[in-house]
Structure formats: C-alpha cells, structure tokens
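Biologist: Let us go through this model. I will ask what earns each label.

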Amino acid sequence: MDFEAAPGEVHALLGENGAGKTTLSNILTGLYRPDEGTIVLFGESVEFNSPRDALDAGIAMVHQHFRLVSPFTVAENVVLGDHRDIGRTFLLRTREIERRVEDLSQRYGLAVDPRARIWQLSLGEQQRVEILKALYQDARILILDEPTAVLTPQEANALFETIRAMAEDGRTVIFISHKLHEVKAVADRVTVLRRGRSIATVPASEATPRSLAALMVGREIELGRQNGGRAIGAVCVELAGVWAQGDRGVPAVKDVSLAVGGGEIVAVAGVAGNGQRELAETIAGMRAPIEGRITVAGRNLKGGDPREAIGAGVAYVPEDRLGTGVAPGLSVASNVVLKSYRKPPVSRGPLLLLRKIREVATSLMERYDVRASGPDVPAWQLSGGNLQKLVLAREFSGEPVVLVAASPTRGLDVAGIETVHTYLRSAAERGVGVLLISEDLDEILALADRIVVMYEGAVVGERDATSATVEELGLLMAGGEESV
Amino acid sequence: MNNSLLVVVLASGIAYGTPLLYAALGELLAERSGVLNLGVEGMMLVGAVMGFWAVQRIHAATTLALLGAIGVAALAGALMALIHAFLVVTLRANQIVSGLALTIFAGVAGLSSYLGNDLNLARAPARHQFQEIFPKSFQNWPVVGPILFGQSALVYASWGCVVLVALYLTRTRMGLNVRAVGESPAAADAMCVNVTRYRYAHTLVGGGFAGVGGATFSLSITPQWIAGLTQGAGWIAIALVIFAFWRPTLCLVGAYFFGAFTALPFALQGHGVTVAPELFQSLPYVMTILALVLVSSRAARLRFGAPAALGIPYVREEG
Amino acid sequence: MRVERRLEQPRWLSLAVPLVSIVVAFVFATIVLVATHHPPLHTFRRLFDAAFLSNGALSETVVAATPLAFTGLAAAAAFRMRLFNIGGEGQLYAGAITGATVALLLAGAPSPIVIGAMVIAGAAGGAVLAAIPGILRAFFSTNEIITSLMLNYVVALIIDYLIFDSHSYLRDTKGFQASVFPQGKILPNEASWSSWTIHGLALPLGALLAVLLAVALWGLYAGTRFGFEVKVIGDSARAGRYAGMRTRRKILAVMCLSGAIAGIGGASQDGDFRHQLDPRGLTQANYGYTGIVVAALARYNPFAVVLVAFLLGGLQNAGFTLQGADFPNGLVGVLQGLILFCALGGELFVRYRVRFDRRRTPAPEPVS
C-alpha cells in the first residue's frame with residue numbers, strides 16, 4: 001500500500017470496514033510493524049518499534065475508543081506520559097500544565113475545562129481531550145479514527161473547524177472515515193482504500209460522493225431500494241410515551257411513541273448517542289422505562305425484564321455482540337440455546353438434554369450458514385460475520401413477533417453486511433416486525449419501509465422510505481427543523 | 001492524667017497501629033498500580049523473621065544493626081512480592097489465588113517458620129530493639145507525652161512514609177503515572193507509560209513495606225521471634241487500605257483507629273471493666289465491609305473506590 | 001517474545017500442566033532444602049511415608065483431606081460463576097457452630113436424626129454467612145472477595161468469644177478440663193458421625209459426603225438449567241441478563257450453595273473428628289484458604305478437587321506427624337505454595353501460546 005500526506009494537509013482515508021484503515025493507522029502509530037516497506041517521515045526513513053517511537057516522531061492518534069483515565073482531570077490526562085520539558089520534572093506542576101492546556105484549548109477552539117474530571121464530560125468533550133493530548137505532545141501528524149461517530153452534527157462541525165485550524169498551523173491531519181459527505185466537507189485530498197490497497201488518491205474538491213462510493217466499493221453502487229412490496233400486517237409492537245434513563249442518570253429516551261406493523265421494517269436513524277441504543281434496550285427489557293407503555297402483540301409489558309420481553313416475542317440483536325449477544329467463553333451450541341434452554345425440546349424439567357442441544361445447534365448452524373469448526377468451539381473464536389449470523393439464527397429460531405436489531409452490520413465486511421440484510425428482509429417477509437437501529441443512512445434507505453429519526457432522545461421526524469432523501473434525513477438527525 | 005483511659009488507648013493504639021500502617025502503605029502502593037496482593041501476611045512474617053535474624057547476626061552499634069535489620073526485612077518482603085509480581089504481571093495469573101498462595105508459601109506453616117526454625121531464632125530475645133527515642137522527661141508531659149513522645153523511631157519514620165507516599169501519589173509525575181496504570185492501563189500504555197515496569201516496581205516496594213511492618217513486630221512490639229507473631233495483621237492491613245479509600249493519610253487514621261480497638265479491651269481491663277476483646281477486634285472488619293458497601297455506588301466508586309483496573313491483568317489489545 | 005491466546009486447548013495439557021507443576025515444585029523445594037543443609041531425598045521420602053505408606057497414614061490423610069475437599073468444592077462451586085468466595089474459612093466455622101449447637105440441642109434423639117440435623121444445620125450456617133457477601137454483591141455490587149474475607153475474621157472472633165470469653169451454651173463449664181482451659185462441650189454420642197473401615201482404611205462419613213457432593217456438583221453444573229445459567233452469567237453477566245436470566249438471584253444462590261458446602265465441612269469437623277466446638281483447632285488449620293488453593297489446583301473441576309484435596313491432605317498430615325526437631329518445620333507450607341506457584345505459572349501455557357519472533361504481524365481480528 002502506498003500512501004502519502006503533506007504538512008498542512010487534511011487527508012482523508014476512506015474505506016469500508018475491513019479495508020485496512022485501522023491496520024494502516026496502527027502501523028503509523030507503531031503498534032504493528034510493517035511486514036515490508038518503509039515509512040518516510042519528513043524526508044527521513046523511520047522505523048517504529050513501539051508506540052513511543054511514533055509519539056516521539058510526532059505522530060498521535062485519536063482512537064474511536066478513548067484512552068482516558070476517567071477519575072483524572074483533563075490536565076492530568078493531557079500531561080500523562082509526557083516526557084519533555086515540564087513533563088520531565090519530578091514534581092507535577094499542575095498550575096502550569098493547566099494554563100498550557102487552557103491556552104491550547106482556546107487556540108484551537110476545543111472548549112473544555114482543564115480541571116474537570118473525565119467522567120463528568122460528554123463523549124464530544126472527551127474527544128476534545130484526546131485531541132488536546134495530541135496537540136500538547138506537539139504532534140505534527142494527527143490521525144483521527146472515525147471521529148464523528150460519537151458526535152452530534154454541531155459538535156462535528158466544531159471538530160471540522162478545529163481540524164482546519166490545526167492544518168493551517170502546518171500539521172497534517174489524517175481523517176479516517178467511511179462517511180462520504182464528511183470527507184468532502186473537511187479533507188483536502190482523499191485516499192480510498194479497498195481490501196488493504198490504496199485504490200486512488202483524489203483531491204476532495206474534484207470528487208463527488210458518487211465517485212468516491214464507486215471507488216470504495218469497487219463497483220457502481222446501486223442506490224436502488226429493495227424495500228416495499230410486502231404486505232404490512234397488524235401492529236405488533238407499540239410504544240406510547242416511553243421515557244427511559246441513560247447510564248449517566250439523565251433521561252436518554254424522551255417521550256418516544258412509535259409502532260411497527262407485522263412484516264414492516266422501521267428504521268430508527270440518528271447519530272450515535274441520541275438514545276437509540278437505550279430505546280432498543282428498553283423494548284428488549286434490558287432497561288426499565290420510567291414512564292410510558294410498551295405493547296407487544298397486544299400484550300402490555302411491565303418493562304425492565306428481559307425474560308418478559310422474550311416471552312412476549314421480542315427478539316433482540318444487541319449492538320454489543322460479543323459480551324451481550326453471546327457469552328463469548330461458552331460454546332456455539334450453548335449460545336444457540338441461550339434463550340431457549342428453559343423449554344423443551346432442549347430441557348426437561350430442571351435437566352438439560354445435552355445431546356439435543358448439539359443437534360439443535362448443528363442444524364441451526366447449517367441453516368443459517370454459521371461457519372465454525374463445530375458446535376463446541378467457544379463463541380469468541382467466530383468472525384464478526386459468523387457471530388452475527390449465530391445471533392440472528394438464535395433470535396429467528398425463537399419465532400419472534402418483533403425483531404429489534406441495533407447496528408447489526410457494524411464492523412462487518414461487505415459479504416457479512418449483505419447476509420445480514422438478506423436475513424432481515426426474509427424475517428420481514430415472514431411477517432415479523434423489524435425495528436432496525438442504524439447510523440448508516442445508506443443501509444436504512446436500502447432496507448426500511450419507514451424511517452423514524454431520533455435526536456437527543458426524542459423522535460424528531462418520521463418519513464416514508466420511498467420518498468425520503470439523504471439530505472432531509474441528515475438535517476433531521478442534526479436536530480434541524482421538522483418543517484424543512 | 002497520663003494513665004487515663006484515652007491517653008493509654010491512643011498511645012498503645014499508635015504502637016499497635018504502626019505495623020498495620022507500614023503494611024497498608026505497601027499494599028496501597030501495589031493496589032494503586034492495579035496489583036492486588038493478598039500475600040501481605042506472608043510477606044510480613046518473612047520480613048519479621050529476616051529482620052530479626054539480621055539484628056541477631058549483625059554485630060554493630062544498635063542504630064546500625066537496627067537500620068540493617070530494617071533493610072534486610074524490606075528486602076525479604078520485596079523478594080516475596082517478586083514471586084507474586086512475576087506470576088500476576090508477567091504470567092498474568094489470577095491475583096487472588098497467587099496472593100493466597102504467597103501467604104501459604106511464606107506464612108505460619110511455610111517459609112517464615114522454616115527460616116525461624118532453621119536459623120535457630122526462637123526463644124531468644126532481640127539483641128537490639130527499637131525503643132522510645134525521646135527522654136523520659138518529655139514522656140511525662142501531660143497527654144502528649146506518652147502519645148507523641150513515647151514512641152519508637154519506627155513510629156516517627158512511618159509518619160514520614162505517609163507524607164512521602166501521599167506526596168508521591170498526588171504531586172509527582174511518577175505518582176500520576178502509577179495512578180493511571182491502576183485506573184486504566186490501556187490509557188497509560190497508549191501514552192507510553194510502561195505498565196509492566198510500574199506494576200513490578202510498586203508491588204516490590206509494597207512487599208518491602210510489608211517486610212518492615214513485620215519487622216516492627218519482631219524488633220519493637222514483641223520483640224522476639226515467634227512463629228506467626230503477626231496474628232493476622234496482614235489481613236487487617238488489606239482491610240485498612242479499603243477502609244482508607246486508597247488514601248495514605250486515611251491509612252494513618254485507620255491504622256491507629258484499628259490499633260486502638262486492639263488496645264482498648266486491655267486498657268479497659270486495667271480500669272476494672274471487662275468486655276469481650278472479640279467485640280472490639282471484630283470492629284475493623286465490620287467497618288471495612290461497611291466502607292466497601294458505601295463506595296459501591298457508581299458515583300462513589302469513581303471518587304473513593306478501588307483503582308478501576310485492580311486485580312485485572314493487562315494485555316495490550318492488538319486485535 | 002509474543003504471547004497469544006490459544007485457539008484450542010489440547011486435552012493433554014490439562015493433565016500435563018499439573019504434573020509438571022508438581023515436579024518443578026519439588027525441584028524448587030530441593031533447592032531450598034539443599035541450601036539449608038537438609039538431605040532432600042531423605043526428607044521427601046519421610047514426607048511420603050508419613051503421608052501415604054506408613055501404618056494408618058492413609059486414614060490420617062483422609063482425616064486431613066476431608067475438610068479440604070469441602071472447602072475446595074465450596075470455592076469451585078462459586079468460581080463457576082466467577083465469584084470469588086474466599087469466605088470458605090468463616091463458612092466452615094459457621095457450620096461448625098450451628099452443627100455443634102444442633103447436636104447439643106438434640107442430645108438423646110436417635111443418632112441418624114441427630115446426624116442429619118447436623119448436616120442440615122451446618123449447611124444452613126454456612127449458607128447464611130455466605131448470603132451476606134452474596135446479597136452485597138447482588139444488590140450493591142460490592143466486591144465479594146473482600147467482604148467474604150473480612151467475615152472470616154468476624155466469625156473466627158465469634159467462635160473465640162463463644163468458648164473463651166462468654167458462658168455460652170456451647171462452652172463446657174463443668175468438666176475438670178474446663179477449669180484448666182476453656183473448651184467446648186463434648187457432643188453427645190449420638191452426634192458422632194459413622195465411619196467405615198475397609199482394609200484398615202477408616203472412611204469417615206464426612207469423606208463420603210464430600211465425594212457425593214462432588215458428584216452432585218458436577219451433575220448440577222454439567223447437566224441442569226441452573227448450571228447452564230451459572231456458566232452463562234459467569235462468562236458474561238450482560239449476556240445472562242440479555243437471555244432473561246435472574247442474575248441477582250443466581251449470585252445469591254451460588255454464594256449460598258458455596259457457603260452450604262463449606263458449612264457441611266464444619267459440621268463434619270464436629271461430628272467426624274473433634275466432637276466439640278474446637279476454636280483453636282479450627283482457626284489454626286486454615287482449611288478455607290487451603291481449600292481455595294485446592295480448587296485452583298484442580299482447575300475448579302469437582303472430581304479433581306477431591307483428588308487434589310487428598311494429595312494436599314497427605315502433605316498436611318505428614319507435616320503434622322513429622323513435626324519435631326529433626327524435620328524442617330514449615331516445609332509443608334513451602335511445598336504447597338511452590339506447587340501452586342508452578343501450577344499458576346503453568347496455567348499460562350494452557351491458555352496462551354508463547355511464540356518467539358521479532359516481527360509484529362497483526363492477527364486477524366474477530367471483530368473490529
């Protein structure tokens with residue numbers, strides 16, 4: 001793979017999941033060593049043996065998952081590991097550090113209080129701390145890995161301004177993304193990656209979302225929609241005025257009312273962190289509603305009890321596959337019966353019928369094409385796509401009334417995504433109501449019959465999929481006016 | 001006045017609390033780096049026996065002999081901690097099991113007794129011991145005399161250690177790094193703090209402190225070698241760290257508090273009041289449980305709770 | 001050097017690792033003995049004789065192994081759910097207290113009834129004590145490791161109080177012995193647990209109970225819905241909740257189960273061996289802590305627990321028998337510790353594969 005970026009440039013790396021974006025950045029930050037080839041930094045060939053080498057050479061990365069110490073203050077996090085100048089003094093010069101952090105944050109428009117503790121901050125603020133860390137280390141090259149995934153549109157715009165300011169300072173910003181419009185908005189040049197190769201590098205001003213998409217996928221993508229054409233049956237799940245608390249103790253779901261009919265695919269669109277995950281968990285019983293009513297197939301749920309939801313016919317594909325969707329250390333067979341172990345044919349009274357479990361697992365693995373070396377291998381060994389197939393297989397086998405799927409294709413490769421889409425469509429064809437939660441508008445437009453947009457925990461708009469446009473939905477997701 | 005209950009309890013509470021304080025400071029350092037070491041009792045006993053051995057064998061002036069003995073005790077404790085560190089940091093073994101194994105290996109039925117027996121240390125009084133360093137006239141001052149001036153050098157040294165450890169953790173760069181390693185090794189690693197090195201160093205220093213705590217028994221409180229002379233002080237020290245919310249200064253308060261509970265029943269007996277000593281002795285444990293419950297809520301855990309990565313081996317994620 | 005997780009754990013490893021651990025531990029112990037001028041072979045020989053070969057040694061080993069089997073099973077039962085109940089020590093005391101109390105209360109009743117009541121009371125005593133850390137863990141998410149550890153000391157003090165510092169129902173206040181040194185009341189004859197002698201090997205009821213419990217525990221975890229739930233929650237509590245399992249109730253149930261097993265061990269101490277509530281004997285034996293070591297060595301497999309308890313029991317019995325001037329004191333603890341260290345180190349080779357190469361190549365990621 002060849003790739004180059006100039007000082008003062010914002011260079012976007014565009015590619016699908018698994019295209020090699022993350023691996024490339026891991027090589028640049030010294031986490032992996034390249035098998036072959038060299039890294040040339042400002043005209044000098046360098047070799048990184050550890051993350052420290054990369055950091056010393058001026059390369060810093062802001063990961064998708066922040067690496068912050070949550071009980072520490074912003075200033076403490078920023079100065080952590082610093083070994084130059086006042087970072088080298090034996091005693092910490094807290095005042096001085098805080099002053100410097102304050103200076104930096106003002107210069108680059110990264111509003112955050114240096115004395116605040118990380119756990120008090122929103123995700124957007126935490127990201128600013130990560131960028132401050134890099135700036136404090138005098139990073140000349142910053143790599144941002146999908147930085148907008150956790151941001152509201154306003155925050156994203158503020159971030160773009162910061163990125164521009166950093167570039168004007170002569171720093172290089174490498175911006176990793178798979179969102180076309182963002183790349184257009186912020187980058188000078190775009191390098192498109194596909195299956196570990198750099199396909200092309202084009203100036204952003206000359207690229208169109210369509211041309212980029214074609215490069216990214218390797219063929220003209222069909223924006224043709226395969227939705228519609230199914231008969232929509234009676235309402236199978238209905239939410240009326242549902243409120244639920246988030247993990248931070250403030251309401252994350254606010255007065256949500258929606259209904260899904262049998263055979264219908266309703267998508268919930270929104271930027272991550274706007275209450276969609278909490279909404280899904282509330283329907284699945286993982287989270288107790290503080291107000292409102294959830295009705296599944298005419299049955300009122302008390303809420304907050306997954307077993308009740310399962311009994312009512314709610315199938316749930318959680319966002320966190322490994323750890324919630326499956327018990328990673330247990331065998332594939334055990335995970336197949338994770339929800340059905342209480343009932344015949346796999347158990348009799350208090351006893352489990354182990355042979356029966358293997359039989360059920362083997363046949364299900366075959367039917368849903370779950371590829372593993374056998375039903376006894378632990379689930380963590382499966383690839384992302386096979387893991388998701390396993391979860392879907394189990395959820396479908398429970399003959400659900402409604403299926404709630406939270407980001408079901410995140411992190412999957414193209415083939416995996418297509419399989420999941422096929423499964424979701426076939427579920428709808430069998431009359432199951434599907435509630436799809438996704439941040440990916442392309443996916444939503446390809447699958448959904450109806451689209452509900454969530455912003456800050458509330459439903460801010462509803463559109464018919466056949467007439468909705470990306471621009472319109474994007475505006476709603478950004479908290480724009482309903483009337484537009 | 002100096003025989004009043006309060007003064008006696010406080011003075012002896014400080015004396016009894018000192019070994020707890022040393023051991024707790026050590027455990028605190030290890031835990032702040034994310035290593036739970038349940039082998040404190042074993043490390044204390046080995047420190048006690050080796051410190052005592054040194055004082056019997058070093059032929060030098062009292063001060064030198066005692067200093068040497070403390071050094072040997074610290075070294076012995078650190079050596080024991082090294083086993084634990086190797087197992088849990090390098091080999092990523094389960095910290096609880098390894099700590100318990102260390103207690104069994106080094107404890108009453110293990111190495112400390114083996115050494116005590118083999119080096120022929122039992123049934124002989126210490127040739128040198130830590131004594132009150134202030135003259136009697138100071139000690140006769142009302143109230144503060146026995147409490148502040150009636151103590152041995154180990155007590156005053158422990159105060160210095162508390163201040164040093166507290167300043168180290170809050171004011172120095174290394175302190176910041178070790179706290180980061182204990183809270184979020186991944187974050188520390190990303191910023192190039194060497195997690196392994198920090199964990200090793202603090203586990204070893206922790207063992208050294210435990211060794212000194214043990215030597216406090218064999219060179220000051222008892223002062224002789226008896227197998228198992230710490231009588232569970234190591235476990236109280238572990239409790240103390242939790243009770244003190246992982247803060248060195250609170251360790252000091254807690255240690256004297258716990259020490260006073262040990263001393264109280266005997267002092268009361270002196271005043272003609274008989275109470276079951278078990279009642280007071282069990283209080284530290286009960287209070288530790290309560291303290292743990294108090295810091296169990298999410299919000300409290302972030303401020304007062306255990307280091308987030310305590311007990312969890314660190315494996316760098318490389319996919 | 002790189003350490004990576006094994007995709008498959010070869011079966012032979014789970015047998016080879018403990019065996020190699022024991023061998024390596026003995027090598028280390030040899031070094032210790034040589035360094036301190038003891039003849040290693042002779043010492044090991046005497047140890048082995050006293051543990052398994054000499055007259056009556058095997059029966060004594062069973063006596064030493066029985067409580068370790070109980071506490072080992074207790075630790076293993078909890079660990080299946082990744083719960084660290086290190087309160088087996090205290091739960092054993094609790095069982096001994098309740099067992100002895102019931103035995104004294106029921107004096108005069110038919111022996112099987114008394115024995116049965118002691119087992120139930122012992123189990124109940126241990127379970128109630130274990131319920132405290134269980135409730136705290138389930139409802140306040142308080143770390144069970146420290147709470148159960150702290151309770152060990154509280155119960156040890158309670159036991160001391162009952163016999164040394166009070167005029168409790170359990171304390172003997174009349175006998176001649178009692179006037180010299182405080183001790184517990186001798187339990188009535190009906191409370192003596194039966195024992196069977198086969199070819200000179202005395203098998204106490206407690207030992208048989210421990211074996212039965214091991215079988216039951218294995219069955220519970222391998223073949224029942226309860227065991228399935230425990231395994232799922234132990235692997236991932238969120239997955240358990242997602243599947244509709246009552247995670248809090250399960251935590252409590254498993255802690256109580258674990259405590260009950262240790263508690264029966266306490267009752268067995270009363271009924272099988274000591275025939276009185278014996279504070280010093282119980283608190284100095286460290287059955288609970290050694291039990292955790294037993295469970296860890298057995299890799300939490302109930303049958304292996306029984307086997308390992310027997311081996312470590314042999315060591316303890318030998319250490320006890322050989323106590324004296326000519327035998328290195330504390331060698332048993334050193335050996336036990338060394339075996340465990342080696343087993344812990346060997347565990348690395350079961351879970352991970354160590355590869356020596358300089359290149360870092362990214363492993364294929366299961367999920368990004």
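Modeller: The chain contact comes first, then a sheet.

Modeller: This is a predicted model, so local features need pLDDT of at least 70, side-chain atom pairs count only at pLDDT 80 or more, and totals for chains, interfaces and linings use all residues. Residues are numbered from 1 along each chain as its sequence is written, chains are lettered from A in the order in which they are written, and side-chain values use heavy atoms, without hydrogens and water.

Biologist: What makes the pair Glu76(A) and Arg179(B) a salt bridge?

Modeller: The definition asks for a side-chain nitrogen of Lys or Arg within 4 Å of a carboxyl oxygen of Asp or Glu. Here N to O is 3.4 Å, so the pair qualifies. The count between chain B and chain A is one salt bridge.

Biologist: Which element gives the most to the side of chain B that touches chain A?

Modeller: That is α9(B), with seven residues. Contact (heavy atoms within 4.5 Å) takes in 25 residues from chain B and 26 residues from chain A.

Biologist: How much area do chain B and chain A bury between them?

Modeller: About 2,300 Å², 69% of it on carbon and sulfur atoms. Buried area is the accessible area (1.4 Å probe) lost when two parts are put together, summed over both.

Biologist: Why are β10 and β13 of chain A said to stand at the edges?

Modeller: Each has a single partner strand, so one side of each lacks a neighbour in the sheet. The order is β10-β9-β12-β13 (chain A).

Biologist: What makes β12(A) and β13(A) a pair?

Modeller: Pairing needs at least two DSSP bridges between strands. Three bridges join β12(A) to β13(A), so they pair.

Key. Helix = DSSP H or I, 4+ residues; strand = E, 2+ residues; numbered from the N terminus.
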